[in-house]
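The following report covers the cores, one helix pair and some individual residues of the model shown here. Terms are given with their cut-offs where they first matter.

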Amino acid sequence: MEPDADTVKRNVAAALAEDVGSGDVSADLIDEAAQTRARIVTREPGVFCGRGWAEETCRQVDPAIRLDWRVDDGVRIVPDDVLVDLEGPGRGLLTAERTVLNFLQLLCGTATRTRRFVDAVVGSGAVILDTRKTVPGLRVAQKYAVRIGGGRNHRMGLYDAILLKENHIAAAGGIASAVCQARRRHAGMPVEVEVEDQDELAEAIAAGVDRILLDNFSIGDLHSAVAATAKRVPLEASGGITLDNVAAVARTGVDYISVGELTKDVTPIDLSMRFVGD
């Protein structure tokens with residue numbers, strides 16, 4: 001569950017490079033010796049996520065910054081909750097502020113949206129999955145937030161599982177041919193095939209794939225696909241999934257539901273850093 005430490009370091013270094021550049025000319029106005037205390041507060045409810053990225057940001061800006069956490073990743077938060085108290089050099093806190101908030105707001109938003117989808121399908125047995133529709137450079141971070149929100153990760157990238165979609169199938173000369181080539185070239189790697197109708201579903205079943213992705217199937221067609229498959233192959237519903245329809249999709253009996261908007265259409269949680277006096 002824990003995020004990869006090297007990836008977190010790279011994420012933070014890239015974020016600080018684009019924000020701080022050659023130096024924080026505004027924070028230079030603050031007395032170098034000044035010590036300051038601050039706290040980060042949420043203005044809305046959600047699921048907290050991103051502690052590792054906040055800590056690493058402060059460490060890279062100024063290791064003298066101290067953080068006293070009130071919450072941990074996965075905790076539900078409500079308006080006016082204090083998430084963390086910070087203390088250290090004023091310059092460092094000012095420089096770190098926006099990058100810390102950017103990471104926390106994005107990852108809390110991702111975890112919160114995921115939790116809403118997971119809650120919507122409770123009792124159905126369906127598993128909520130993410131996709132590769134992530135913010136460039138922050139895939140590991142967002143997929144971590146999905147796990148914190150109660151979802152599961154689909155493949156991390158193009159290298160760790162085979163998903164044969166419409167263009168792959170066309171280029172290979174059909175589903176059977178595409179699956180055969182995939183198994184020959186990448187023996188032992190799971191193979192999933194995207195299908196767009198019941199005929200392609202039958203072809204994928206016959207080809208012995210490990211999972212079938214039902215692309216933009218209607219609710220009625222999803223019911224038919226579940227009946228036709230009879231649990232021989234796990235089924236994944238995808239395309240056009242929203243909070244308004246995910247419960248109905250889950251009730252069809254599919255095993256997985258992949259949702260692009262978990263990471264693509266994220267609304268960041270509203271957080272603020274407030275400096276406090278004695």
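Contact here means heavy atoms within 4.5 Å, and helices (H or I, at least four residues) and strands (E, at least two) are DSSP runs numbered from the N terminus. The model is predicted, so local features need pLDDT of at least 70 and side-chain atom pairs count only at pLDDT 80 or more, while totals for chains, interfaces and linings use all residues. Residues are numbered from 1 along each chain as its sequence is written, and side-chain values use heavy atoms, with hydrogens and water left out.

**The α3 and α4 pair**

Two packed helices are described by the angle between their axes and the distance between the axes. Axes are lines fitted to C-alpha atoms, for helices over the stretch in contact, and angles run from 0 to 180 degrees between N-to-C directions. The axes of α3 (residues 90-120) and α4 (residues 139-148) come within 7 Å and cross at roughly 40°. The two helices are therefore oblique to each other; angles under 35 degrees count as roughly parallel, over 145 as roughly antiparallel, 65 to 115 as roughly perpendicular and the rest as oblique. The crossing of α3 past α4 is right-handed, that is, the near helix is turned clockwise from the far one by less than a right angle.

On the α3 side, the residues that meet α4 are Leu106, Leu107, Thr110, Ala111, Thr114 and Arg115. Their partners in α4 are Ala141, Gln142, Ala145, Val146 and Ile148. Sorted by class, this contact has 7 nonpolar, 3 polar and 1 charged residues. In that sorting, Ala, Val, Leu, Ile, Met, Phe, Trp, Tyr, Cys and Pro count as nonpolar, Asp, Glu, Lys and Arg as charged, and the others, Gly among them, as polar.

Buried means under 20% relative accessible area, exposed over 50%, and partly exposed in between (1.4 Å probe, protein chains only). Thr110, which lies in α3, is buried, with a relative accessible area of 0%. Leaving out residues up to four places away in sequence, Thr110 touches Gln142, Ala145, Val146, Leu262, Thr263 and Val266.

Helix α4 is largely enclosed by the rest of the structure, because 7 of its 10 residues are buried. These are Ala141, Gln142, Lys143, Tyr144, Ala145, Val146 and Ile148. They pack against α1 (5-20), β2 (46-47), α2 (51-61), α3 and α10 (261-264). After α4 comes Gly150, with a positive phi near 100°.

In α2, the residues Trp53, Ala54, Glu56, Thr57 and Cys58 are buried. Their cover includes α1, β3 (66-69), β5, α3 and α4.

**Nonpolar cores**

A nonpolar core is a set of buried Ala, Val, Leu, Ile, Met, Phe, Trp, Tyr and Cys residues joined through side-chain atoms within 4.5 Å. The largest such core has 38 residues, and Val193, Ile212, Leu214 and Ile257 have the most contacts inside it. Helix α6 (residues 175-185) gives the most to this core, with 4 residues. A second, separate core of 21 residues includes Ile40, Ala54, Leu86 and Val100.

Beyond four places in sequence, Leu214 touches Val195, Leu201, Leu222, Ala225, Leu235, Glu236, Ala237, Ser238 and Val254.

Leu86 sits in strand β5 (residues 82-89) and is buried at 3% relative accessibility. Its contacts, again not counting residues up to four places away, include Ile40, Cys58, Ile65, Leu67, Leu93 and Met273. The C-alpha atoms of Leu86 and Trp69, 17 residues apart along the chain, are separated by 8.6 Å.

**Loop residues**

Most residues other than glycine have a negative phi, and most peptide bonds are trans. The table gives two non-glycine residues with a positive phi.

| Residue | Loop | Phi | Relative accessibility |
|---|---|---|---|
| Asp80 | between β4 (76-77) and β5 | about 80° | 59%, exposed |
| Asn216 | between β9 (211-215) and α8 (219-229) | near 55° | 52%, exposed |

Phe217 is also found in the loop between β9 and α8, but Phe217 is buried, with a relative accessible area of 12%. Outside its neighbours within four places in sequence, Phe217 is in contact with Val195, Glu196, Asp197, Gln198, Leu222 and Ala225. The C-alpha atoms of Phe217 and Gly173, 44 residues apart along the chain, are separated by 23 Å.
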